[in-house]
Amino acid sequence: MGLTINVDWDSSTANAPAGFTAAVDAAVQFWEDAISNPVTVTIGVGWGETGGSPIGRGDLASSDENGVFLSYSQMRSDLIAAATSPVDMTAVSTLGQSDPTNGGQFFVTDAEAKALGIAGDGSATDGDIGLSSRDSFAYPPSGRAV
């Protein structure tokens with residue numbers, strides 16, 4: 001089993017044009033087929049808004065992610081703990097003990113945190129996406145790239 005994406009449809013999607021939900025479902029299927037990590041993420045989907053906020057005038061779409069900030073030592077420790085394959089082990093063996101960022105922070109989205117097996121920020125959704133309701137989109141049943 002690989003990636004599972006749960007879609008949390010915002011009430012705004014009831015006003016979306018025909019084909020909108022089918023197009024989102026096709027995008028979900030594409031990513032579920034492409035990513036083999038056994039992770040479940042929840043993405044909020046809106047029409048004309050993202051996470052309850054209107055999409056800016058002139059913007060075709062927007063997104064927002066939830067996550068946590070980690071120090072280098074926290075990030076290094078989490079990466080080492082999540083390493084399972086020989087390639088992972090080789091990669092984490094190159095992480096030095098001392099912090100090369102001099103106290104910098106790493107923003108880790110909730111979806112990334114889940115893939116690494118670490119705690120995210122505990123939000124109901126891992127992120128939100130939305131398409132503008134002011135612009136025309138084509139949602140053909142085939143040729144989704146149109």
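**View 1. T50 and S62 share a side-chain polar contact of 2.4 Å.** This is a predicted model, and so are the other views here. T50 sits in strand β3, which covers residues 49–50. Is T50 buried or exposed? With a relative accessible area of 8%, T50 falls under the 20% cut-off, so it counts as buried. Setting aside residues up to four places away in sequence, T50 touches I55, S62, S63, D64, D128, I129 and G130. So S62 turns up twice in this view, as a polar-contact partner and in the list of residues T50 touches.

**View 2. The largest pocket has a volume of about 780 Å³.** Its lining takes in 37 residues, and the ones nearest the pocket centre are I5, A27, W31, I43 and I129. Which element gives the largest share of the lining? That's α1, with six residues. At least two lining residues each come from β1 (4–9), α1 (20–34), β2 (40–47), β5 (61–65), α4 (110–116) and β8 (127–131). Sorted by class, the lining breaks down into 24 nonpolar, seven polar and six charged residues.

**View 3. Twelve residues make up the largest nonpolar core.** The full cast is L3, I5, A16, F20, A23, V24, V28, V39, V41, V45, W47 and Y139. Both α1 and β2 supply at least two residues of this core, and the largest share, four residues, comes from α1. There's also a second, separate core of six residues, and V68, M75, V108 and A113 are among them. For background, nonpolar side chains in soluble globular proteins tend to be buried together. Two residues of the largest core also show up elsewhere in these legends: I5 is one of those nearest the centre of the largest pocket, and V39 gets the next view.

**View 4. V39 has contacts with G2, L3, T4, A111, K114 and A115.** That list leaves out neighbours within four places in sequence. V39 belongs to the largest nonpolar core, and so does its contact L3. T4, also in the list, is picked up below.

**View 5. T4 lies in strand β1.** How exposed is T4? Its relative accessibility is 24%, so it counts as partly exposed. Beyond its neighbours within four places in sequence, T4 is in contact with E32, V39, T40 and V41. Two of those contacts, V39 and V41, are residues of the largest nonpolar core. For a sense of scale, T4 and F69 are 65 residues apart along the chain, with 24 Å between their C-alpha atoms.

**View 6. A81 is part of helix α2, residues 72–82.** A81 has a relative accessible area of 65%, so it counts as exposed. From A81 to V68 is 13 residues in sequence and 17 Å in space, taken C-alpha to C-alpha. V68, at the other end of that distance, is one of the residues of the second core.

**View 7. N102 has a positive phi, near 55°.** Most residues other than glycine have a negative phi. Where does N102 sit? It is found in the loop between α3 (86–92) and β7 (105–109). At 72% relative accessibility, N102 is over the 50% cut-off and therefore counts as exposed.

Definitions and conventions
Residues numbered from 1 in each chain as written. Predicted model: local features only at pLDDT ≥ 70, side-chain atom pairs only at ≥ 80, totals over all residues. Heavy atoms only, no water. Buried < 20%, exposed > 50% of the residue type's maximum accessible area, 1.4 Å probe, protein only. 1 Å grid on protein atoms, 1.4 Å probe; cavity = no way out; pocket = protein on both sides within 12 Å on 5 of 7 lines; lining within 4 Å. Points joined across faces, edges and corners; volume = space filled by probe spheres on them. Nonpolar A, V, L, I, M, F, W, Y, C, P; charged D, E, K, R; others polar. Contact = heavy atoms within 4.5 Å. Core = buried A, V, L, I, M, F, W, Y, C linked by side-chain atoms within 4.5 Å. Polar contact = N/O pair within 3.5 Å; in protein donor to acceptor, adjacent residues only side chain to side chain.
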